[in-house]
Amino acid sequence: MQNLLQQIHSPEDLRDLSTNDLPELAKELRQFIINIVATKEGHLGASLGVVELTIALHYTFNTPNDQLIWDVGHQAYGHKILTGRRDQFHTNRQLGGISGFPKREESEYDSFGVGHASTSISAALGMAIASKIKGDTEKQHIAVIGDASIAGGMAFEGLNHAGVTDANILVILNDNAIGIDPSVGALKQYLTNVKKGTQKRNNIIKALNFDYSGPIDGHDFEALLKELKRLKNTKGPKFLHVITTKGKGLKQAEADQVKYHAPGKFDAKTGDLITKAKVKQPPKYQDVFGHTIVELAKTNPKIVGITPAMPTGSSLKFMMEAMPDRAFDVGIAEQHAVTLAAGMATQGLIPFCNIYSTFLQRAYDQIIHDVALQKLPVIFCLDRAGLVGADGATHHGVFDLSYLRCIPNLIIFAPRNEIELRNIMYTVQLELDAPIAIRYPRGIGVTINWKQPFESIEIGKGSCLKEGQKLAVLSIGNMAKNVTEAIENLEVSHYDMRFVKPLDETLLYHIFKSHHTIVTVEDNTIKGGFGSAILEFAAQHSYNNTVKVLGIPDTFIEHGSTAELQQAVGLDTNSLKALFESLL
Ligand SMILES: Cc1ncc(C[n+]2csc(CCOP(=O)(O)OP(=O)(O)O)c2C)c(N)n1
Ligand SMILES: CC(=O)[C@@H](O)[C@H](O)COP(=O)(O)O
Ligand SMILES: [Mg+2]
């Protein structure tokens, strides 16, 4: 029976509880999270790990006046439930429901919108400096950041700045020794030594002028409340090191922390994963990348693989297992990943730098200044391009074609299926004199028998999938699937342009001469993307065919299943079919 949790409508109710009630509340909150995530899916382990910390923070601090910022925000389910969203929590990450991440417009308790890592310290410091300027000396600003996220460059930049201010900022390091995959790097080793007590004297956080305390047990209310109370009454930059267990309270989630980061559906009672019936399905694009790079690297010793903290998500883990000396997880460090690849390329290595489309946004200048300007043949594999579904606005990879297309020297390719992904990977490791971005979507593709013998792809060459009349549909990447289905019974031409840059101009001359109307289809923002490239081509060559550009509208797309979101923006098969019919 859930009793205490039902009484909490806001942190004010929580603050009315006696400290003796808090362990029972933690138990109920944990079970509530488990029950809902078991059926609705989402991030599990991180929120389970900070249940006590979440309660202790809202209990001690005067939220929402005191500003609480969760780094990444995938651990904030408890925070959402305690701050008035308990009854909406079953809609978490669903279309029209609450977001899986803190979001300012959703609640006054969500002080800062998040989803990408390593932002919390800078944001909290900004708020703390603002409070100071406004003369509010009592207000507290708290950043809760994980051990993997604190290794991100911006977190260091924030610490470096905070240490020379007298701003009221409290950084809480939630150290569970794991990100999505095990944390990496020298900082991780340092934190392990701190926990073992072998690094007492050379504390790097103290050296940066923080009031450092810890490490303390993040599941022990007594220790948490005592220390948070002290810190609440301490001015200036403070740093509390808290040790927690990711997945705490669910046996399987503690035992397999990687799988239970976001486990999909599971049995809330036993914790066992609910596995789908084994029907043969096409592979996930990420696995095609992961297996193909291993296959290629076996014969090409120059190939190296790089991932910033996503070995499982990108499937680079296969290469890390098979060739640990040639595959690198560099932690949450997208900027470093890109320039590391650039450095390797200068020395004749062939770096495959695999980054989710949305996270590559973090390394924009590195792509321009360190890679493209020097025309270094780095192979960017952009996973999770297009609409990604339930992670929503922070994670959709819908800007890459636009932000990459304007960069000189960069080739941009989008495979329409797994075989094309394999073949382009094969092609570019044979010979490449410029950087290339290969963007592909989240999830499964379309080809069951994907492991076909390699074939080279001619750079800049599109292909005709169907010849029709009057109307030509030009798709890029996996949008070919919906288009193919939509035109099944229509006399419409379909071209898979494959390359957004360079465009296949020979093919375009033919298309513009032989069709009256051209429709472009992409799962990228309409502004500046593939369709814009076709419009530029038309203008440059004074074609006055009707050109209609379909893609993501100029607004942030929220969460929902990918199918629902495609429908919402008119990119699903039925919407496309209706549109094509109206143009015939
Ligand atoms: C810039 C960026 N890169 C990568 C990710 C993907 N990502 C989400 S959570 C996570 C691991 C976070 O680990 P940690 O900070 O230790 O928090 P924990 O999950 O352990 O609570 C990663 C790599 C991201 N959200 N943002
Ligand atoms: C919070 C975060 O950024 C990741 O956990 C992300 O949700 C992973 O996305 P995939 O599920 O597509 O790997
Ligand atoms: Mg962690």
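## Around the ligands

In this predicted model, the shell around ligand 2 is a mixed bag by class: four nonpolar residues, three polar and three charged. The residues doing the surrounding are His43, Val72, His74, Ile180, Ala262, Gly313, Arg384, Val388, Asp391 and Arg442.

Ligand 1 has 21 residues around it, and the closest of them are Ala117, Gly146, Ala148, Ser149 and Gly179. Sorted by class, that shell comes out as nine nonpolar, eight polar and four charged residues.

## What the record marks

An unreviewed UniProt entry carries the annotation "binding site" for His74, Gly115, His116, Ala117, Ala148, Ser149, Asn176 and Glu334. Some of these names have already come up: Ala117, Ala148 and Ser149 are among the closest residues to ligand 1, while His74 belongs to the set surrounding ligand 2.

## A look at His74

His74 sits in the loop that runs between β1 (67-70) and α6 (77-85). Loop or not, His74 is buried, because 24 other C-beta atoms lie within 10 Å and the cut-off for that label is 20 or more. If you skip residues up to four places away in sequence, His74 touches His43, Ala46, Gly100 and Phe101. One of those partners, His43, also turns up around ligand 2.

## A look at Asn176

Asn176 is another loop residue, placed between β3 and α9. It counts as buried too, with 23 C-beta neighbours inside 10 Å. Setting aside neighbours within four places in sequence, Asn176 is in contact with Gly49, Gly146, Asp147, Thr244, Thr245 and Lys246. Gly146 is worth picking out of that list, as it is also one of the closest residues to ligand 1.

## Helix α9, one face in and one face out

Now for the helix on the other side of that loop. In α9 (residues 186-196), the buried residues are Lys188, Leu191 and Val194. Look down the axis of α9 and these buried residues fall within an arc of 115°, so they line one face of the helix. The spacing fits the usual helix arithmetic: an α-helix has 3.6 residues a turn, so residues three or four places apart point the same way.

What do the buried residues of α9 pack against? They meet three strands, namely β3 (169-175), β4 (211-217) and β5 (238-243). Turned away from the buried side, the other face of α9 carries Ala186, Gln189 and Lys196, which are exposed. Just past the end of α9 comes Gly197, with a positive phi of about 85°.

Definitions and conventions:
Residues numbered from 1 in each chain as written. Chains lettered and ligands numbered in written order. Predicted model: local features only at pLDDT ≥ 70, side-chain atom pairs only at ≥ 80, totals over all residues. Near = placed C-beta within 6 Å. Nonpolar A, V, L, I, M, F, W, Y, C, P; charged D, E, K, R; others polar. Buried ≥ 20, exposed ≤ 12 C-beta atoms within 10 Å, placed from the backbone. Helix = DSSP H or I, 4+ residues; strand = E, 2+ residues; numbered from the N terminus. Arc of directions from axis to C-beta. Contact = placed C-beta atoms within 7 Å. UniProt positions renumbered as here; feature names shortened; annotations may be inferred.
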